[in-house]
Each structure stands twice: as C-alpha cells, then as structure tokens.
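Work through the exercises below with the sequence and the model open side by side. Each task is followed by a solution that proceeds step by step.

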Amino acid sequence: MANLRTDEVFGISNVVSAYSYVDRGKLDEALARHLERRNHVAIKGSSKAGKTWLRQTVVPNALVIQCRLGKKVEDIYREALAELGVRLELSRKSTSQISGTVEASSKFGVALIGKVSAKLGLTAGYSSERETATLRQPISDLKFIAELLRESGKRLVIEDFHYLSRDERKTFAFDLKAFWDFGLFVVIVGVWSESNLLLNLNHDLTGRVREESIVWSRRDLEAILDMGGSALNVQFSREVKDRLIEDSCENAGILQRLALEVLDKAGLYEQADSRVSIHNVHLAEDAAMFYAEELNTTYQSFAQNVASGVRTYPNSTGIYGHAMAVIFDASDEELISGVSIDKIFRQASQRQSRIQKGNLRTVLEKFEQLQVDDQGRGLVLSYADEKVRVVDRQLLLYRRYCTVRWPWEDLIDQSEGREAFRGIADR
C-alpha cells in the first residue's frame, strides 16, 4: 500500500480530507441536529473558512447552486430544477406573485412533475411531439417549485449567498418564508458579519432559520496541524505551529495551504516511515512569502480594477483614492469586523477636504461590481450595512508579506498634482 501523499492530508481541496478535518466545537453534530428540524439553516464564515467542507460532511445529498454577482433569485430556481431535468420559465410580478411553467426535459423530470401534479390535484399536459414524451405544467406560486425540490429527495443548498445583491437577498428571504410554509427547508452558505442576516431581511423568519458561524479558535487550528501531522508521521514544533496559526489569519483554508507549503519546502511529499520533526520556523516564513507572492497577480488585478472604476466615476477626479488608502491602512481586526463609512469618511476627508460623504457612499455601493470578473467571481472586499469588510482573508496575508505600491496611490498623486496646479493658476 502506497504511503499517503501530503496533498491528500493538507492543502485547499474541493473534497474533504478526513486526515485533517476538524469538527470545531462539535459544530457538525449541532448542524446535523438542526437539519433534522423544521427550519432553514444558514452557515456563515469567511472565504476558505471551511464552509464547503462542513456542508459536504453534514449535507452529502445536496442540490448545490452557486451564486454569482448579478444572479437573480429566479436563476437559482431555474438552475436547481435543471439539475432535476425540469425546465422552468418564470416571471415575478412582485415579491409574492410569480407566474410561469415547468416542463420536463428528462424521464426523471417527467416522473417528478407527474408525481407532484398528482399530489397537488393538478392535471399536467403531455406532448408526444418528441420521441420522449414531455410534461408541461403552469404554476402560479412557489408551491409547485417547493414540491418538486422536496420530492427530489435532495436538500437545496445556496452557496456564496453574499454575491446576491441586497434586493435579491431580500426577495429570497421572503421566498424562504413561503418555502417554510410548504415544508421545504434550505441551507444558505455565505460570508456576512452581522448576526441573523436573514431575519434582518425578513422578520417573519423568526424561529424558522438557524444561523451558525464558522469561527476558528487557536486550539481548533492547532488540532488541524496535529491531526494531519499525525497521519503523515510529522510533528510541527511549537514555534512553527505558532507562526503558521498567526499567518493563517484565523482561517482554516489558509492554514491548510501553508502547512502543505512547509512540507514541500522541507522536502516531504508523502507519509514518513519514521517520525519527522519540523522545527525550522524559517520554513513557515518562506511558505507564507511564497504563498503571498503567488497571490500578487490576483490582488494587483483586483486593485487595478477598483482604481480604474474609481477613476472613471463622475466628478471623482481621483480623490476617492484617499478612501481606498484609509481602508487598506485599517488593521486586520478592523477589516474582519468591518470599517464603517463614518471612519472612512472622517479619515479620508482629513486627507482631502473635497470628499463628500454622499458621493463616497455611492462609490462604495458600486464597490463589489468593480472587483469581480465577467463571471461574477473574485470578491475580495464587501460593502454592506455601511461597513467595508474583508471577504477573502488571503488579502491579509498578502499585505503582511508583500510591499507593493497600490494603484490608488497614483490616483492620490494625480489628484494632489491637479490641486497644486489649480492653486498656481488661481494666483
């Protein structure tokens, strides 16, 4: 039998590694219990905090829909039903009124629509124009959609819920109340800092949704290193552990990646035949530096996109580069908990008096659109509830190890150059 490879134990992966998966605070058990009850479940945590591994472990039979910036709630339902062989045509007249049709696009879909139609006492229309008979059914509310998803036997999971706009999140929160009434219970996964996000969007969800946070303690993070190290017959020294945990920014995914880099730099690629001790703290430093340098293209691209967007904003003349500088001068703790627009405006206006709070708010409201790619992916910083928060904690590691000139520094220089020229011209 071949020895375990180090990448089967540590590293960022789309599949759960049983060798380094830690159930922090018995959260798995708690979530499994919530899933057996008549309520929706919301899982929140930072990017790479382990939300997907947790969901894969606790909800193995899931119908997973990935959100992207610009996606509508109706798109979620279309994609979910398409996975079941059902084509959905839907329009929404208001938060509570929808109309449309469902049509089978597979044998499973035909059976599913037929079963739900019979259950609801409806007559569906068959068509034999194609070789495989299809089934078409008009719908006038969410009940038929809910029943289709229930009868599929799979739990609907909405990943990256934070990518939806606030209006779409609110619409979905109202749909969740209807789904609860119909006995369909959903799992929502995403990044947000405020408590009970869904309840704030729809107070009628009180008692109908259970929110759980993925927060890693130092003990939990150390358990990852101990468990994975034991599987590989490797022991990390106290100094190496401390450095890896500090550079992980309280994030399990970053820790996983750093641990794998340390082993690579130590020349260990598979399970050791005898006990090996990793005690050179410089390996951890080198691993963090390598990881940060690898992120350079990602974050420079992010910064250029944001700076370009700010530069082209009407009447900005580059002055909002000062706001970006304030955001990036904030501590790790502030960016994790959220930097308020009041603080950003106060400090930025001290640097540039022409900044107006109303215009700053408008710029920040467009903030997320400036960051993502054409597929709506790549969110680094979010703006919600008048606070800017870090979504991707790799940014914290990157700025800790890389000394770079951010493009908004050029915006500031250009703005100050124009101010100086204007002052000379006015004399």
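**Exercise 1.** At roughly what angle do the axes of helix 8 and helix 9 cross?

*Solution.* This is a predicted model, in which local features need pLDDT of at least 70 and side-chain atom pairs count only at pLDDT 80 or more, while totals for chains, interfaces and linings use all residues. Residues are numbered from 1 along each chain as its sequence is written, and side-chain values use heavy atoms, with hydrogens and water left out.

Step 1. Locate helix 8 at residues 218-232 and helix 9 at residues 238-247; helices are DSSP runs of H or I with at least four residues, strands are runs of E with at least two, and both are numbered from the N terminus.

Step 2. The two axes, for helices lines fitted to C-alpha atoms over the stretch in contact, with angles from 0 to 180 degrees between N-to-C directions, come within 10 Å and cross at roughly 120°.

Step 3. Helix 8 and helix 9 are therefore oblique to each other, given that under 35 degrees counts as roughly parallel, over 145 as roughly antiparallel, 65 to 115 as roughly perpendicular and the rest as oblique.

**Exercise 2.** Identify the residues through which helix 8 and helix 9 meet, and classify them.

*Solution.* Step 1. On the side of helix 8 the residues are R218, L221, E222, L225 and D226, and these meet R238, K241, D242, L244 and I245 of helix 9.

Step 2. Sorted by class, this contact comprises 4 nonpolar and 6 charged residues, with no polar ones; Ala, Val, Leu, Ile, Met, Phe, Trp, Tyr, Cys and Pro count as nonpolar, Asp, Glu, Lys and Arg as charged, and the others, Gly among them, as polar.

**Exercise 3.** Describe the ring geometry of F10 and F236, and place both residues in the chain.

*Solution.* Step 1. Rings of Phe, Tyr and Trp (its six-membered ring) pair if their centres lie within 6.5 Å, and planes under 30 degrees apart count as stacked, over 60 as edge-to-face and the rest as tilted; the structure holds 12 such aromatic pairs.

Step 2. For F10 and F236 the centres are 6.1 Å apart and the planes stand at 70°, so the pair is edge-to-face.

Step 3. Because F10 lies in the segment before helix 1 (27-35) and F236 in strand 10 (residues 234-236), the pair ties together parts 226 residues apart in sequence.

Step 4. Both F10 and F236 are buried, where buried means under 20% relative accessible area, exposed over 50% and partly exposed in between (1.4 Å probe, protein chains only).

Note on methods: Contact = heavy atoms within 4.5 Å.
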